[in-house]
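Biologist: I'd like to go through this model with you. Please tell me what each term rests on.

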Amino acid sequence: MMIWTIARRELRSLFLSPLAWTILAVVQAILAYMFFSQIEFYMQIQPRLAGMQGAPGITELIVAPMFGNAAIILLLIVPLITMRLISDERRNQTLSLLFAAPLSMTDIIVGKFIGAVAFLLLMLLLIIMMPLSLLAGGTLDFGVLSSSSLGLLLLLSSFTALGLYMSSLTAQPTVAAVGSFGALLLLWILDWGGGDGTASSGGVMAYLSLVRHYESLLKGVFNSADIIYYLLFILTFLILAIRRLDADRLQS
Amino acid sequence: MESLLKVEQLSRTFGDVQAVSNVSFSVERGEILGFLGPNGAGKSTTMNMLTGNLALSAGRILVGGIDLLDQPCEAKALIGYLPEQPPVYRELTVDEYLDYCARLNRIERSRIRAAVAVAKERCGLTEVGRRLIGNLSKGYQQRVGIAQAIIHVPALVILDEPTVGLDPIQIREIRSLIRALGQEHSVILSTHILPEVQTICDRVQIIDKGELVYSDTIAGLDRRMQSSSLLLALQHPPSEQELLAIGGVLSVDTIGEERLRIHFDPQHNPAQQLVDSSAAGNWGMYELIPERMSLEEVFVDITCSEHEPDTAKAAALVSS
């Protein structure tokens, strides 16, 4: 109940600033451009595909690349949404309103997390509309589409959890944004040094990478290990954020 | 009857700094307690601990018999808090903000609208309900902060320097608002402005360097503030000997041609006799002002007499 109250206000405040609308518009515009160029590419190679046995369909050739691109763009965007979640309250000294109210730290953090994820869910719905529009002239592999959507949702939630933690560390939204962007990028490219994933140390690094688990979901492979990886990632950073907020009372 | 708030042996350290040490006090129901002290004395630290914004290093806080550490949610529900900086969201309207605060304080959904209306009414915000908080003046933002603190009708309202940065008219309005709050709630008011405490509070506590150095009723503080000097203005001042002859007068300082300061024995206030003598001797008295100590002096007085009596006496001896 309290969690929803906080989530609702978070979502509301996002839409009261021009930031949320700008982000929605920019992300949609960029992805739409990529979507169209992907379609054009498909039109060019379609005659050749027609002659092939077991040729990839539009889901593989248009939807999967678009979701891949969306993940990269949102890696840049999510820190901008999460940066002010806690740091802004700390800077405006409104945190004491929450601390003085009959709430637990968990209520505050989970409420803010849900508020931010609700916004990203809205963005995700807008993104999914684009592949769905292809239904007008073709068929889609709904299995792949739904596993890709689930993957992107989990990925965005992970970004949010990390961004929320970064935001709880500082009173400066920009510091939080830079910090979470850096951390996310690092986690993204963690598998670059991992080679083919057979070497033991490289394998661990590759396994920890955010992108590895997303890629298999994009292919339509639903592996519960990938899901659990993301859920653990989210849980870890939420707990860290709760502990950080608790520490505020202890030292500040 | 049990006290509404009981604070026992409260301490708080920041690293090596002892911000509050061994503070114990209690607040009865329906009482307005003034919490007085210079800047940095530990007022805000104490307020923050009372409201759960800061963990205690040692001690115990009981609100209505509930331990703040054991059952924080239940205890906090009994408290309304206005920090030094009103915790308002500038991008919300007054109505939206108060609605949010009502929800945060677990007011039933069906009663939220009524609660918001009552809080607005009491704080004089009815006219500005649809305006953005960011566009309101500082005085109105302060009122929004108070409305937020009383929206769930808490038994105890804690206000941390509620009149700082307001203009004199706003200060008067806020003070009368606080006095009205005192009819139904217990109030703890932290401030460093003495007249504020005198006009509003039932009881006063002074904190200095993290320790509670004084706790008394307002009448007691008033007595303490009675100084032992009178300021006189006479058109035809008599000689010093004539004044010293009056019972109770200890010494006379000449300030200007017509002005004198008379120090007297607190047991024998010579004011009445001075007026009589002036009338009889045609001194032409046109001012007689009993001098009162400022907060600073009361402060020095209290802190010196409780902390370092020997050095204070030594200083007094040297200066005399």
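Biologist: What makes β9(B) and β10(B) a pair, and how do they run?

Modeller: First, the ground rules. This is a predicted model, where local features need pLDDT of at least 70 and side-chain atom pairs count only at pLDDT 80 or more, while totals for chains, interfaces and linings use all residues. Residues are numbered from 1 along each chain as its sequence is written, and chains are lettered from A and ligands numbered from 1 in the order in which they are written. Now the pair. Strands (DSSP E runs of at least two residues, numbered from the N terminus) pair if DSSP finds at least two bridges between them. Six bridges join β9 (residues 203-208) of chain B to β10(B), so they count as a pair. They run antiparallel. One of the bridges links Ile207(B) to Leu212(B).

Biologist: Why are β6(B) and β10(B) called edge strands?

Modeller: Each pairs on one side only. The sheet is open, with six strands in the order β6-β7-β8-β3-β9-β10 (chain B) and mixed pairing.

Biologist: What is the angle between helix α5(B) and β6(B)?

Modeller: About 165°. Axes are lines fitted to C-alpha atoms, for helices over the stretch in contact, and angles run from 0 to 180 degrees between N-to-C directions. Helices are DSSP H or I runs of at least four residues. Helix α5 covers residues 138-150 of chain B and lies across β6 and β7.

Biologist: How many residues of chain A are in contact with chain B?

Modeller: 17, facing 20 residues of chain B. Contact means C-beta atoms, placed from the backbone, within 7 Å.

Note on methods. Contact = placed C-beta atoms within 7 Å.
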